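Open the model in your viewer and keep the sequence panel visible. The stops below go from the whole chain to single residues.

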Amino acid sequence: MIPSRYTPYALAALRIVSGLLFLEHGTQKLLNFPIPGPGVELFSLLGVGGLIEIVGGVLIALGLFTRIAAFVCSGEMAVAYWLFHAPGGVFPAGNGGDAAILFCFAFLLIACTGPGALSLDSSRKSAIAV
């Protein structure tokens, strides 16, 4: 059994990795990096999604305004699943929505629990308390 004292670090690992992966989805949509994306316009539904993914991914990875950013990103993924994936079939593995569901619930967990260890939010709280 893993001691509970490691929970903040496990949460931080989830936050950092999911934030960076989310950032990558946004950069693919808007910047065609690291691989060419669908080539969306900024003021389209997918473009706004890409912008949320870039800004939200950075904030979540850094642990800055984490709860708000994670809540917004969780909502974006819920909308993305129901608008773009669910119409393609019942099963997420078949409709391509498994990543959207995982992001949605990982970000919902982070919004509820906070950033964990190693976050700028905890650094800001320390600076404010001094």
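At 1% relative accessibility, Cys73 counts as buried. Start the tour by selecting Cys73; the model you are looking at is a predicted one. Cys73 takes part in no disulfide, and the nearest cysteine sulfur, which belongs to Cys104, is 11 Å away. Select Cys104 next: it is buried too, with a relative accessible area of 11%. For Cys104, likewise, no disulfide is found, and its nearest cysteine sulfur is that of Cys73, 11 Å away. A disulfide needs two cysteine sulfur atoms within 2.5 Å, so the 11 Å between the sulfurs of Cys73 and Cys104 rules that pair out. A search over the whole structure gives zero disulfides.

**The whole chain**

Now clear the selection and show the chain as a cartoon. How many helices and how many strands does the chain have? The secondary structure comes to six helices and zero strands. Read from the N terminus, the order of elements is α-α-α-α-α-α. Turn on the C-alpha trace: its atoms fill a box of roughly 50 × 35 × 25 Å along the principal axes. Colour by relative accessibility, and buried residues make up 35% of the 130 residues in the chain. If you draw a contact map, look at contacts with a separation of 6 or more: 64% of them join residues 24 or more positions apart.

**Helices H1 and H5**

Select residues 7-31 for H1 and residues 98-113 for H5. Two packed helices are described by the angle between their axes and the distance between the axes. Here the axes of H1 and H5 come within 11 Å and cross at roughly 135°. That crossing angle makes H1 oblique to H5. The handedness of the crossing between H1 and H5 is left-handed.

Show side chains at the contact between the two helices. On the H1 side, pick Leu11, Leu14, Arg15, Ser18, Gly19, Leu21, Phe22 and His25. On the H5 side, pick Phe103, Ala106, Phe107, Leu109, Ile110 and Thr113.

Keep Ser18 selected, a residue of helix H1. Is Ser18 buried or exposed? Ser18 is buried, with a relative accessible area of 6%. Leaving out residues up to four places away in sequence, Ser18 touches Phe103, Phe107 and Ile110. These three are also listed among the H5 residues that make the contact with H1.

Stay on helix H5 and move to Leu108. Leu108 has a relative accessibility of 33% and counts as partly exposed. Add Val72 to the selection and read off the C-alpha to C-alpha distance: Leu108 and Val72 are 9.1 Å apart in space, with their positions 36 residues apart in sequence.

**The loop between H1 and H2**

Go to the loop between helix H1 (7-31) and helix H2 (45-62), and select Pro34 there. What kind of peptide bond joins Phe33 and Pro34? The bond is cis, with omega at about 5°.

Asn32 is in the loop between H1 and H2 as well. Its phi is positive, about 55°, although Asn32 is not a glycine. Asn32 is partly exposed, with a relative accessible area of 40%.

**The loop between H2 and H3**

Select Phe65, in the loop between H2 and helix H3 (66-85). Phe65 is another residue other than glycine with a positive phi, here near 50°. With a relative accessible area of 44%, Phe65 is partly exposed.

**Helix H4**

The last stop is Asn95, in helix H4, which covers residues 92-95. At a relative accessible area of 11%, Asn95 is buried. Show the polar atoms around it: a polar atom of the Asn95 side chain lies 2.8 Å from the backbone nitrogen of Gly97. To see what else surrounds Asn95, select Tyr81, His85, Ala86, Gly88, Gly89 and Val90, with which Asn95 is in contact when neighbours within four places in sequence are left aside.

Terms used
Residues are numbered from 1 along each chain as its sequence is written. This is a predicted model: local features need pLDDT of at least 70, side-chain atom pairs count only at pLDDT 80 or more; totals for chains, interfaces and linings use all residues. Side-chain values use heavy atoms; hydrogens and water are left out. Buried means under 20% relative accessible area, exposed over 50%, partly exposed in between (1.4 Å probe, protein chains only). Helices (H or I, at least four residues) and strands (E, at least two) are DSSP runs, numbered from the N terminus. A polar contact is a pair of N or O atoms within 3.5 Å; within protein, one must be able to donate a hydrogen and the other to accept it, and residues adjacent in sequence count only if both atoms are side-chain atoms. Contact means heavy atoms within 4.5 Å. Axes are lines fitted to C-alpha atoms, for helices over the stretch in contact, and angles run from 0 to 180 degrees between N-to-C directions. Angles under 35 degrees count as roughly parallel, over 145 as roughly antiparallel, 65 to 115 as roughly perpendicular and the rest as oblique. A crossing is left-handed if the near helix is turned anticlockwise from the far one by less than a right angle, and right-handed if clockwise.
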